Amino acid sequence: MASQLTDAFARQFFYLRLSITDVCNFRCTYCLPDGYKPGGVTNNGFLSVAEVRRITRAFAAMGTEKVRLTGGEPSLRRDFIDIVAAIRENDAIRQIAVTTNGYRLARDVAQWRDAGLTALNVSVDSLDARQFHAITGQDKFHQVMEGIDAAFAAGFDKVKVNTVLMRDVNHHQLDTFLAWIKPRRIQLRFIELMETGEGNDLFSRHHISGMVLRDELLKRGWIHQLRQRSDGPAQVFCHPDYEGEIGLIMPYEKDFCASCNRLRVSSVGKLHLCLFGDGGVDLRDLLAEDAQQQALEARISDALMHKKQTHFLHQGNTGITQNLSYIGG
Ligand code: SAM
Ligand code: SF4
């Protein structure tokens, strides 16, 4: 079935990223260096389970196949399992994923899987416990590693790990990362550091293109794989000697936006057509009752016709995105 979620440039959106909270307990240098500060846009409170159910029902009816829960730190929601279960009610949504800092994994991951979670992305920027602490502000490296082991033990056959690539922080550590994934079914995804409204200095000090790694991987015999339609934007590489894979996410590369297949809804119910684009279209007034579903679908379709062809990051335009904890990266 062709997705109703098609924009003016014939891009189809099978993939929804849904933020369920802005709150985070980590203080990653590139995201929330001073920690989470309550207030601002979050005053009305975050989407309830019932609102999440209505949003995902509308998106599922329009063709969405995959939902990723993000934040802030999504696992800080006490009703996280109920949220997963509410999304699971939609047969059309075949994949339910979460992006997490891994803090609650060791304790909870088996229950998440029972509730219907099908995929996990865990953020790990360093395999050195002290450096991990310095980047995240939390001395939780070993807890996160135990969490990843617990995910495999709970039956996830693959885990994705997000690593923000930073010059002079981790860009020289490819060998260490490769040794880690050699015996493990981990897709380690290096994400190029993105410039946000709050992170200019850090960006100029630490941004480095993922091309550096791509060249290195190709030189070492890694092979570039084709992507599936509801995959994220990573270029994925594999190697016959490795159980794991490497992904590269390079938002500054030419044509990155041509393969965009995702839409975003913030934790207060605003539809964002691009991570870096816009002030968002409010959906919340249409989330109070099941009877509003048609109006909700109409508003989403209408908004999509206004999705721009590309972001304007190259011009230094960071849109409204002060930091990625607001709409979840
Ligand atoms: N708290 C969860 C976590 O860290 O996995 C989910 C939310 S976090 C905003 C989602 C992803 O965005 C993480 O993998 C994080 O590393 C990435 N991220 C945050 N700020 C970024 C930036 N300025 N550039 C690139 N990636 C960033
Ligand atoms: Fe929190 Fe994730 Fe941002 Fe780190 S990247 S501060 S874990 S929201």
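Trainee: A polar side-chain atom of Asn 162 lies 3.1 Å from an oxygen atom of ligand 1. Why is this called a polar contact?

Mentor: This is a predicted model, by the way. The cut-off for a pair of N or O atoms is 3.5 Å. Asn 162 and ligand 1 are 3.1 Å apart at those atoms, so the pair counts as a polar contact.

Trainee: And what makes the Gly 72 pair a polar contact?

Mentor: Here a backbone N or O atom of Gly 72 sits 3.0 Å from a nitrogen atom of ligand 1. That value is within 3.5 Å, so this pair qualifies too. Tyr 30 uses an N or O atom of its side chain, 3.2 Å from an oxygen atom of the ligand. As for cover, ligand 1 taken alone exposes 540 Å², and the protein buries 95% of that.

Trainee: Which residues come nearest to ligand 1?

Mentor: Out of 19 around it, they are Gly 72, Glu 73, Ser 123, Asn 162 and Met 194. By type, the shell splits into seven nonpolar, ten polar and two charged residues. Strands S3 (95-100), S5 (159-165) and S6 (186-192) each supply at least two residues of that shell.

Trainee: How many cavities of 30 Å³ or more are there?

Mentor: Two. The largest has a volume of about 40 Å³.

Trainee: What makes Arg 54 and Glu 289 charged residues in the lining of that largest cavity?

Mentor: Both are among the residues that line the largest cavity. Arg and Glu belong to the charged class, so both count as charged. In total, the lining has two nonpolar, one polar and four charged residues. Helix H1 (49-62) and helix H9 (293-304) each give at least two of the lining residues.

Key
Residues are numbered from 1 along each chain as its sequence is written. Chains are lettered from A and ligands numbered from 1 in the order in which they are written. This is a predicted model: local features need pLDDT of at least 70, side-chain atom pairs count only at pLDDT 80 or more; totals for chains, interfaces and linings use all residues. Side-chain values use heavy atoms; hydrogens and water are left out. On a 1 Å grid over the protein atoms alone, a cavity is a set of points where a 1.4 Å probe fits but cannot get out, and a pocket is an open set with protein on both sides within 12 Å along at least five of seven lines; lining residues have an atom within 4 Å of a point. Grid points are joined across faces, edges and corners, and a volume is the space filled by probe spheres set on the points. Helices (H or I, at least four residues) and strands (E, at least two) are DSSP runs, numbered from the N terminus. A residue is near a molecule or strand if one of its heavy atoms lies within 4 Å of it. A polar contact is a pair of N or O atoms within 3.5 Å; within protein, one must be able to donate a hydrogen and the other to accept it, and residues adjacent in sequence count only if both atoms are side-chain atoms. Accessible areas come from the Shrake-Rupley method with a 1.4 Å probe; for residues, only the protein chains shown count as cover.
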